[in-house]
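User: Please take a close look at one edge of the open sheet in this model. I would like a connected account of the strand there and the elements around it.

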Amino acid sequence: MRSYMATNSKTYKVIGLMSGTSLDGLDIAYCHIKKNEDSWAFSILNIENVSYSEAFKNKLKNAVHLPTTDLLAFNNTYGDWLGTKVKNFIDKNSLEVDFISSHGHTVFHQPEIGLTYQIGSGQHIANTSNLKVICDFRTNDVALGGQGAPLVPIGDQLLFNEYDFCLNLGGISNISFDLNGQRIAYDISPANMLLNLICNSINLEYDDGGKLARTGKLIEELYNTLNGLSYYRASYPKSLGYEWFLNEVIPIIKTTKASAENLLYTSIHHITEQIANAIKKTRKEKSSLLITGGGANNIFLIEVLQQKLQNHTTVIIPNEHVIDYKEALIFAFMGVLRDRNEINCLQSVTGAKRDSSSGIIYYPH
């Protein structure tokens, strides 16, 4: 267990659930989280990734196009599915659980029009699992004028504060850091969402370790077009959703006639260029960078990023549990903060009118 001060206090036994835009399955993490005098400690005790079937993955990917009634029905169906998977996980590992804390799966994220929507009905999860559930962490922040994202920075600040930068490489890359006493965070660029799209076009689920990308060459026109997207010129707070990727990035990739190897190579250089730019803007003389998320396993991507950062930033890749389940852990932690009615959404990150304790609590019936 990571700990800073040893003091007697309640240990929360929570299951965190995360389903990201890369559609690589449901991450389940059973965590013990404890409040010490002025710091927090955690341990990740049991983990599981539940893969989506191809049909289910396609339904999640295309949920953005569903008619309203079908989407609302799918919200309930997905909630039942989540509850069932958690119940199986608990039974298999004989776990004692206080509550479930679920991110849900994002279908719509357009905070500029006050919209964010994650499916996975909390009431259905609660009824199916027979446990208290805390979910829907984004809506209140958006109602307060915020982006509703990224949400993970509260965990970066309180659980991983020994690092100058925390970078998550999931479907989308996002970064978190302290600046002038405030936590700042934002989505940088597409990451695995882009790489997996290219791999899927050649019937490959993902590029293991970046081996295929390593054999490619740079497509300069594509590289310049991607780097020229207007999102990158916008100042934070800012966040990305699948709709942006669908409208802005996919058409560029689809109209570029090139091999998958060259598309992957160019995309990795684009992703790392945007990440390096974000770090260089606020980097101290010597900085530490914690990298988590599935992209941390892409050896070629990490090598290219290190080249772009040169020797000014030390890259830290943690153990496998933290790489793959940090987001599930932090949503478990956000649930703990909500259960205590403590701040879990930061206005300095999202641009909301104020900090808030967000999340809706559901009880089984």
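Analyst: The account below starts with the sheet, moves to its edge strand and ends with the neighbouring helices.

The model is predicted, so local features need pLDDT of at least 70 and side-chain atom pairs count only at pLDDT 80 or more, while totals for chains, interfaces and linings use all residues. Residues are numbered from 1 along each chain as its sequence is written, and side-chain values use heavy atoms, with hydrogens and water left out.

Five strands make up an open sheet of mixed pairing, in the order E10-E9-E8-E11-E12. Helices (H or I, at least four residues) and strands (E, at least two) are DSSP runs numbered from the N terminus, and two strands pair if DSSP finds at least two bridges between them. The edge strands, each pairing on one side only, are E10 (182-190) and E12. From one strand to the next, the twist averages 20°.

E12 covers residues 313-316. Its partner E11 (residues 287-292) runs parallel to it over four bridges. Within this pairing, Ser287 has Thr313 of E12 as its bridge partner, and Leu289 stands opposite Val315 of E12. In general, strands of a sheet pair through backbone hydrogen bonds, either parallel or antiparallel.

The side chains of E12 alternate: Thr313 and Val315 point to one face and are buried, whereas Thr314 and Ile316 point to the other face and are not buried. Buried here means under 20% relative accessible area, exposed means over 50%, and partly exposed lies in between (1.4 Å probe, protein chains only). Such alternation between the two faces of the sheet is what a regular strand shows.

Between E11 and E12 the chain passes through helix H11 (residues 299-309), and this β-α-β crossover is right-handed. The term applies if, with the strands pointing away from the viewer, the path from the first strand over the helix to the second runs clockwise.

H11 also packs against helix H10 (residues 260-282), at an angle of about 45° and with the axes 9 Å apart. Axes are lines fitted to C-alpha atoms, for helices over the stretch in contact, and angles run from 0 to 180 degrees between N-to-C directions. H10 and H11 are therefore oblique to each other; angles under 35 degrees count as roughly parallel, over 145 as roughly antiparallel, 65 to 115 as roughly perpendicular and the rest as oblique. H10 passes H11 in a right-handed crossing, meaning that the near helix is turned clockwise from the far one by less than a right angle, anticlockwise being left-handed.
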